Amino acid sequence: MTEAKKLYIKTYGCQMNVYDSERMAEALGASGYVMTDAPDQADMILLNTCHIREKAAEKVYSELGRLKPLKLTNPDLKIGVAGCVAQAEGEEIMRRQPAVDLVVGPQTYHRLPAMEAAVRAGGRAVDTEFPEEDKFDHLPKGLHTRRAPAAFLTVQEGCDKFCAFCVVPYTRGAEVSRPVARVMTEARDLVARGVREITLLGQNVNAYHGEGDGGTWTLARLIRHLARIDRLERIRFTTSHPNDMDDDLIAAHGDEPKLMPYLHLPVQSGSDRILRAMNRKHTADAYLRLIERLRAARPDLLLSGDFIVGFPGESDADFDDTMELVRAVGYGQAFSFKYSPRPGTPAAERATVPDEVASDRLHRLQALLTQQQREVQAAMVGREVAVLFEKPGRLPGQMMGKSDYLHAVHVTDPRIEIGQIARVRITHSGPNSLGGVLAE
Ligand code: 5AD
Ligand code: SF4
């Protein structure tokens with residue numbers, strides 16, 4: 001028997017890329033590849049890339065430069081670029097980096113086995129189509145081998161919102177929802193393989209409108225249906241747009257026990273003027289009222305968000321409005337970025353804020369968000385939370401899991417098994433995780 005070919009995948013960017021990388025590994029698994037953690041052992045290296053900010057895209061070119069010499073020691077090595085940089089700059093990648101053998105966009109990776117065969121035969125291959133067929137129908141079924149107790153499941157892709165700064169509607173295309181039956185089959189398959197928590201993914205997941213029994217289903221309806229799967233204990237979803245939080249989804253946070261009390265709901269800015277310039281189509285006040293309704297449904301809901309500072313035209317007063325909104329909400333976690341002009345987006349044509357100004361704002365915002373995160377974590381000390389244990393921690397005998405609120409929790413106790421959900425009393429809070437002991 002010939003030795004299995006080895007595949008190394010490096011994933012950049014969002015959780016949807018993490019999911020896609022798993023599916024690509026399965027697709028190439030059907031061509032005889034097994035995964036490796038060592039790029040220098042690999043016969044195929046895939047970079048699953050992110051195009052959301054300029055830095056993310058530049059990282060891909062530097063990584064390709066670093067990988068290139070591996071081809072000298074292993075002439076059979078093939079290098080591929082997948083994901084959103086591939087979609088946006090496929091031909092340019094081929095030109096800039098001759099070591100790249102294949103480029104595949106996010107909608108065509110079910111064709112990887114054929115592309116792999118083509119490059120093995122000595123060619124180079126580019127496929128960044130938005131094809132007629134649905135890739136999910138053409139990917140291997142039931143090949144999920146490794147199964148950590150928490151899994152991602154993409155239910156929706158693309159976006160129709162066209163926020164003025166964002167490349168997603170261009171790289172990932174128009175909003176498409178997967179049919180309910182397909183999602184249910186995949187979820188049941190994951191649960192059969194030991195998964196106890198599923199995070200439903202989509203670039204704009206709460207705009208989900210998949211075909212199901214009796215017509216189009218909302219995300220809330222899908223969540224309520226998934227919640228009936230025995231042994232599936234936890235459901236989460238990300239990422240959402242404030243304008244798509246409908247009444248039923250808000251209510252589900254209060255009355256669906258399997259829906260976890262953590263919500264990532266980006267607002268980007270607290271200034272109405274900037275929100276309008278961003279084409280967000282809601283005001284800061286509308287967002288705050290929405291948060292109030294969510295907290296009325298689920299008082300302990302932990303909120304997370306995304307922020308952009310230095311968007312074109314952002315004044316000191318606009319930035320103060322963002323700081324004010326952050327103080328009003330009190331985030332448990334948040335991500336903040338300096339605005340990065342993306343080619344082809346409307347905002348890229350506008351005059352930018354000086355870099356020192358944007359950097360200064362980013363520092364101030366991050367200091368506030370870090371302080372809020374610490375406060376929310378500190379408030380967990382002394383409380384009992386449910387933790388789903390996912391993997392060993394870094395210290396001997398230690399296990400790491402996630403609380404209902406998505407906090408990483410470390411516990412050292414020989415009784416803990418991976419996949420177990422246990423009550424944990426939190427005893428201390430570190431910079432990015434909590435520590436605790438099993439509750440009696
Ligand atoms: N510049 C900076 N941040 C951006 N994001 C999206 N596009 C840009 C951009 N051009 C941020 C938004 C989004 C998150 C995924 O990335 O905050 O919610
Ligand atoms: Fe991009 Fe999200 Fe806006 Fe869609 S809603 S355009 S994915 S930032």
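**View 1. Phe-162 and its loop in the predicted model.** In this predicted model, Phe-162 sits in the loop that runs between strand S8 (156–157) and helix H6 (168–171). Take a look at its backbone: Phe-162 has a positive phi of about 50 degrees, even though it is not a glycine. For background, most residues other than glycine have a negative phi. Phe-162 also turns up again in the next view, as one of the residues around ligand 2.

**View 2. The surroundings of ligand 2.** Here we zoom in on the residues that surround ligand 2. Three cysteines are among them, namely Cys-159, Cys-163 and Cys-166. The rest of the shell is made up of Lys-161, Phe-162, Phe-165, Val-168, Pro-169, His-241 and Arg-280. Sorted by type, the shell has seven nonpolar residues, one polar and two charged.

**View 3. The surroundings of ligand 1.** Phe-165 is back in this view, now as part of the shell around ligand 1. Its companions there are Ile-52, Arg-53, Gln-268, Asp-306, Ile-308, Phe-337, Lys-338, Tyr-339, Ser-340 and Arg-342. Strand S15 (302–309) and strand S16 (333–338) each chip in at least two residues of this shell. The count by type comes to five nonpolar, two polar and four charged.

**View 4. Polar atoms around ligand 1.** Which side chain puts a polar atom 2.6 Å from an oxygen atom of ligand 1? That would be Gln-268. Arg-53 also reaches in with its side chain, placing an N or O atom 2.9 Å from an oxygen atom of the ligand. Phe-165 works through its backbone instead: an N or O atom there is 3.0 Å from a nitrogen atom of ligand 1. As for how wrapped up the ligand is, the protein covers 86% of the 400 Å² of accessible area that ligand 1 has on its own.

**View 5. A six-stranded open sheet.** Follow the strands across this sheet and you get the order S2-S1-S3-S4-S5-S6, with parallel pairing. At the edges are strand S2 (33–35) and strand S6 (125–127), each paired on one side only. From one strand to the next, the twist averages 25 degrees.

**View 6. S3, S4 and the helices packed on them.** Strand S3 (residues 44–49) and strand S4 (residues 78–82) run parallel and are joined by five bridges. If you want a landmark, Leu-46 has Gly-80 in S4 as its bridge partner. Helix H4 (residues 83–96) packs on the sheet and touches S3, S4, strand S5 (102–104) and S6, with its direction at about 145 degrees to that of S5. Helix H2 (residues 54–67) lies across strand S1 (5–11), S3 and S4, and runs at about 170 degrees to S3.

**View 7. The S18–S19 hairpin and its neighbour S21.** Strand S18 (residues 398–403) pairs with strand S19 (residues 408–412) over five bridges, in the antiparallel sense. Gly-401 faces Val-409 of S19 across this pair. Four residues lie between the strands of the hairpin, and Leu-406 takes a positive phi near 70 degrees. S19 also pairs with strand S21 (residues 434–438), this time in the parallel sense and over two bridges. There, His-410 stands opposite Gly-435 in S21.

**View 8. A cis peptide bond at Thr-239.** Where does Thr-239 sit? It is in the loop between strand S13 (234–238) and helix H9 (247–255). The peptide bond that joins Thr-238 to Thr-239 is cis, with an omega of about 10 degrees. By way of background, most peptide bonds are trans.

Notes: Residues numbered from 1 in each chain as written. Chains lettered and ligands numbered in written order. Predicted model: local features only at pLDDT ≥ 70, side-chain atom pairs only at ≥ 80, totals over all residues. Heavy atoms only, no water. Near = heavy atom within 4 Å. Polar contact = N/O pair within 3.5 Å; in protein donor to acceptor, adjacent residues only side chain to side chain. Areas by Shrake-Rupley, 256 points an atom, 1.4 Å probe, with all protein chains shown as cover. Nonpolar A, V, L, I, M, F, W, Y, C, P; charged D, E, K, R; others polar. Pairing = 2+ DSSP bridges. Axes fitted to C-alpha atoms, helices over the stretch in contact; angles between N-to-C directions. Contact = heavy atoms within 4.5 Å.
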